[in-house]
Every structure is written in C-alpha cells, then in structure tokens.
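Dear colleague,

I am handing over the structure below, together with an account of what was found in it. Please keep it open beside this email as you read.

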Amino acid sequence: MDDQPTKLEDVERPDSIGNPRMGWASDVMAEVIHKLGFKYISLTPGASYRGLHDSLVNYLGNADPQLILSLHEENAVSVAHGYAKVTDEPLAVAVHANIGLMHAVMAIYNAWCDRVPMLILGATGPVDASKRRPWIEWIHTSKDQASMIRQFVKWDDQPASVTAAAESLLRASKITRTAPYAPVYVCLDQALQETPLEGETVIPDVDRYRPPAPPTPAPDVLREAADALRGAKNPLILPGRGTRGQDAWDARVKLAETLNARVICDTLVAANFPSRHP
C-alpha cells in the first residue's frame, strides 16, 4: 500500500474546472467552508442539499473540502468523529434532510459524549411551501429540524438569507472549535441554496471568527498550586480529560516525574498518561 498522500491531480475533479465565479447562494456557502480550512466533507448525498453539493464540486472543484462518500449518515458522522480524534480538528459533514438527520442521530450523540468538534450541515426542503415540488419536498421538510438533536449539539441555526448563511457557518465553526468541544448543526434551506446571487456578496473576514485562546488560571493561583505541590509528601495526580497533543502529553509526564507523584487514570476517560510508566 502506498503511504504517499493523495495528490490533488489524483482526486476526481470536474473536467470543466477553471476559474469559477460565485453565481449562486450555495457557492457562497461553499466558499465560506473553504475559507474556514475544512479539508474534507463526509456526506451521504441527497436532494435537499443538491445546491451545496453542486457548488462543492463545480465551484470548488472537489478540493478543500474534498468529498468523502458514505453510504449511511451514521457512517458519515463517524468518519468525522474519528478524524477529530486523530487530528484535533473538526471535519465537515452533510446529511440529507430530516431523514438523513434521523439516521445520523446515534453517531451525533456519540460525538457529543466524546466531546469532539464537527460541523454538521443539514438541509430542508423549501421553507416557502409554494416552492416545494409535490410530495417529495413536503416529506423532506420539517418546521424545526434541529429539535431532533438540540439536546446533544452545542449550537444550531437555520439561516434565511445568503448573508445570514455565511455568518452562521462562520459562527458554527468558531463554536465547535472552542472548548468544551461538541458538534454543531446548520440547516440550509434548499430554495435558498439555489437562489441566484444579485450583485456582489461580501464574505466576512474569517480571521475575525477564529476561536478564542483557552482560559488560563491567574498567576497567583498557579504559584499557590506550585508551592502546594512542591511541599507535598505523597502527591497523587488524578488526570481527567486533557488535550491529546504530544506537547501536552509530555508535560503531564514531566510533571508527574518532577513531583515523583503517583498517577491514577480513569478508564472511562480517553488515555492521557502512559499506563506502563513506573
């Protein structure tokens, strides 16, 4: 098996890709997702977000994000869950209408319990009933689709304009990337996705929507804690949830070794200390 990373020229891309211009509301949505740095989007295709799907392929050229096809929405969310565990970065996910969201519920709940970030993009048939095709778009439309998962996502929204959609995606990315992590959900109106743009659309500066720096203890509190640890005769460390980066892992080991402390880990929490350390 070749371990070399996939090159862009090896990715399936449309033949006509060149220098596309934004012409539809879904192009704006795709551009925001691109600017936010999402490398992949795991999805199970469906007509409710056909506009966004088209923009991801024909406007962005199936790159940044690149489509990852899943045959079931629960699998699509699970792919994002695993990606976040490995990279500490959220993946974008797209699920089809209310039926796809119902398929995805268990996997979304698992991601919530595991505190991993991900941007879940849903869609609904046209909110304006006069724009719905007979039958199929009626049964794929729900008044409050996010109510199915609202108790185990960090934030949800259903924007009603292209400007609101851009800001909603920016805000969703910021919220899911801010600890404590959890999935977020944005429901996109099918009719809005397929609305032609009128005039120039200005996308806000993505850098203004970066997650804030994590909070830190006050210096005097840190000094007090350090003094207590230095004076402890039999220090015991009970690490809870922690960041998974190598620097943080090494810092925990160094702290225990410096204090000659015992460490007891919780088997219900992800590994954050080497179990074979003496």
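**What was found**

Helix H6 lies across the strands E4, E5 and E6, and the direction in which H6 runs is at about 170 degrees to E6. Please bear in mind throughout that this is a predicted model.

To see where those strands belong, it helps to look at the sheet as a whole, in which six strands are arranged as an open sheet in the order E2-E1-E3-E4-E6-E5, with parallel pairing. The edges of this sheet are formed by E2 and by strand E5 (155–157), each of which pairs on one side only. From one strand to the next, the twist averages 20 degrees.

At the E2 edge of the sheet, the pairing can be followed residue by residue. Strand E1 (residues 40–43) and strand E2 (residues 66–69) are joined in the parallel sense over four bridges, and among the bridge partners are Ser-42 with Ile-68 in E2, and Leu-43 with Leu-69 in E2. How does the chain cross from E1 to E2, and what is the handedness of this crossover? The chain passes through helix H2 (residues 50–59), and the resulting β-α-β crossover is right-handed.

The next topic is the packing of nonpolar residues. In soluble globular proteins, nonpolar side chains tend to be buried together. The largest nonpolar core in this model holds 35 residues, of which Met-29, Leu-52, Leu-119, Leu-121 and Leu-169 touch the most other members. At least two residues of this core come from each of helix H1 (25–35), E1, H2, strand E3 (92–94), strand E4 (118–124), helix H6 (162–176) and strand E6 (183–189). The helix H6, with seven residues, gives the most to this core.

Leu-52 is a useful residue to select in the viewer, and if its neighbours within four places in sequence are left aside, Leu-52 is in contact with Ser-26, Met-29, Ala-30, Ile-33, Leu-121, Leu-188 and Gln-193. There is also a second, separate core of 21 residues, which includes Ala-80, Ile-108, Ala-111 and Cys-187.

Finally, here are some values for the whole protein. Its secondary structure comes to nine helices and eight strands, and 40% of its 278 residues count as buried. Among contacts between residues at least 6 apart in sequence, 81% join residues at least 24 apart. The C-alpha trace spans about 75 × 40 × 35 Å along its principal axes, while the accessible surface comes to about 16300 Å², of which 53% belongs to carbon and sulfur atoms.

With best wishes

Definitions and conventions. Residues are numbered from 1 along each chain as its sequence is written. This is a predicted model: local features need pLDDT of at least 70, side-chain atom pairs count only at pLDDT 80 or more; totals for chains, interfaces and linings use all residues. Side-chain values use heavy atoms; hydrogens and water are left out. Two strands pair if DSSP finds at least two bridges between them. A crossover is right-handed if, with the strands pointing away from the viewer, the path from the first strand over the helix to the second runs clockwise. A nonpolar core is a set of buried Ala, Val, Leu, Ile, Met, Phe, Trp, Tyr and Cys residues joined through side-chain atoms within 4.5 Å. Buried means under 20% relative accessible area, exposed over 50%, partly exposed in between (1.4 Å probe, protein chains only). Contact means heavy atoms within 4.5 Å. Axes are lines fitted to C-alpha atoms, for helices over the stretch in contact, and angles run from 0 to 180 degrees between N-to-C directions. Accessible areas come from the Shrake-Rupley method with a 1.4 Å probe; for residues, only the protein chains shown count as cover.
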